[in-house]
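This briefing is intended for a reader who is beginning to study protein structures. Please look over the sequence and the model before reading on.

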Amino acid sequence: MRCRGHKGMIQMINVAVMGYGTVGSGVVELLHVNHDRIARSAGDSVRVKYILDVRDFEDSPYAGLFVKDFAVIENDPEVSVVVETIGGVGVAQEFTRRALAAGKSVVTSNKELVSEHGCELLKIAGEHNVCYLFEASVGGGVPILHPISACLAADDIDEIYGILNGTTNYILTNMFKNGATFDKALGEAQEKGYAERDPSADINGVDTCRKTCILADIAFGRNIAPKYVRTEGIANVSAIDVEHVSTAGASIKLIGRTVRMPDGTIASYTAPHVLTSENLLVNVEGVFNGIVVRGDATGETMFYGKGAGKLPTATAVIADIIETGKTIGTGAFLGWSEAGEEVIGDPDLLESRWYIRANMDFDEAAVRFGQITMLGCDENGAAFITGSMTGIRCAELLEDIEAITVYRVLE
């Protein structure tokens, strides 16, 4: 995403980094190690003037840059870009507001803040003729927001969906490739540092939901708040489902998806899906992310890469830092408009095939659903894939049946 700016280059880009955790330390490290290359891209030198953190880092090679009072950054006219990698809302939101109001551009990887308050913060940025940029908030090192807003600007986007969380994708890949149970796969992800000690935001779909909202906001120009996005995680994906889906040459992935409905509303949701062998994302494995954009001009375009990690995410942050130092003349302010329930479409109106595992036998499944693809049948019931129908119709056919698993199929 680009922001508008004044004509000419900034002679020195002085940066303040707020939060010296995984991403913040990666930004500082890359700005030091790759200084010359970054300077060539930015048009001049980019240097870290301050690092804000409540902790002490006396042994750090950057110890002399640390401050604990945000006012030092806020009141320094030499600081033109503030990097927010604190995370969460709270203090991150307060400092972002104050930085923008002080005439400083803000670059962030904070998906929670952008999804919840991006509309407001973009408005403040526009009022002060600075940038609020957040490429790193979705897809880590996968460039996606700028391509949507600039490279695909002439494309009328109909749908955007993707694997947006490396932790859940690692867990599901481990279950399919190695036969691991969900609990074992989660434990291995935590051991390798792919999952947090408290993995709830990942496995419950919250992280994917936030990223889905940001993609929808950029793609469709309306503020799709997380509270409007139906969200389901992967904790209920079982080894039995993995076995049945594997027999069909398919896989299960946690997908965040947004579709423009025929009536102009926007349907967004997050849920596990069965991906067939024809789907572009079926072979996106491990901690990698994949995002598909479908437009009227280009058809399907896929973006792929590491969705998380210290240096991949830091790379996206630095790309935004460089962007703030460049000019695009007096281009229109980029953001999205406020929206409420009136623009929210119902995902249950979307048609697809369905993977179902339910307490019924093959004959009953065939009577209820018509032509089906049978995947297996045992004491736990039948597993099969239906023909195409809406979510509403699928729910009607299962109304008096104990359905164990119901996932959409993406072709």
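Is phenylalanine 384 buried or exposed? Phenylalanine 384 counts as buried, because its relative accessibility is 0% and the cut-off for a buried residue is under 20%. The model discussed here is predicted. The points below concern its two largest pockets and its aromatic pairs.

**The largest pocket**

- The volume of the largest pocket is about 1000 Å³.
- Its lining consists of 40 residues, and those nearest the centre are Val23, Lys111, Glu196, Asp207 and Ala308.
- At least two lining residues come from each of the helices α1 (22-33), α5 (111-127), α7 (166-178), α9 (200-203), α10 (206-220) and α12 (310-324).
- By residue class, the lining of the largest pocket contains 18 polar, 12 charged and 10 nonpolar residues.

**The second largest pocket**

- The second largest pocket holds about 430 Å³ of space.
- It is lined by 20 residues, with Thr315, Ala316, Ile318, Ala319 and Asp320 closest to its centre.
- Both α2 (35-42) and α12 supply at least two residues of this lining, and α12 gives the most, with eight residues.
- The lining of the second largest pocket divides into 10 nonpolar, five polar and five charged residues.

**Aromatic pairs**

- The model has a count of 10 aromatic pairs.
- Tyrosine 20 and phenylalanine 57 form an edge-to-face pair, with 5.0 Å from centre to centre and 80° between the planes.
- This pair links distant parts of the chain, 37 residues apart: tyrosine 20 lies in the loop between β1 (12-18) and α1, and phenylalanine 57 in the loop between β2 (45-52) and β3 (66-67).
- Tyrosine 20 is buried, because its relative accessible area is 13%, whereas phenylalanine 57 counts as partly exposed at 22% relative accessibility.
- A tilted pair is formed by phenylalanine 369 and phenylalanine 384, with 5.4 Å from centre to centre and 55° between the planes.
- This pair also links distant parts of the chain, 15 residues apart: phenylalanine 369 is in helix α13 (residues 362-369) and phenylalanine 384 is in strand β15 (residues 381-385).
- Phenylalanine 369 counts as buried, because its relative accessibility is 8%.
- Which residues form one aromatic cluster with Tyr20? They are Phe57 and Phe66.

How values were computed
Residues numbered from 1 in each chain as written. Predicted model: local features only at pLDDT ≥ 70, side-chain atom pairs only at ≥ 80, totals over all residues. Heavy atoms only, no water. 1 Å grid on protein atoms, 1.4 Å probe; cavity = no way out; pocket = protein on both sides within 12 Å on 5 of 7 lines; lining within 4 Å. Points joined across faces, edges and corners; volume = space filled by probe spheres on them. Helix = DSSP H or I, 4+ residues; strand = E, 2+ residues; numbered from the N terminus. Nonpolar A, V, L, I, M, F, W, Y, C, P; charged D, E, K, R; others polar. Phe/Tyr/Trp six-rings, centres within 6.5 Å; stacked < 30°, edge-to-face > 60°. Buried < 20%, exposed > 50% of the residue type's maximum accessible area, 1.4 Å probe, protein only.
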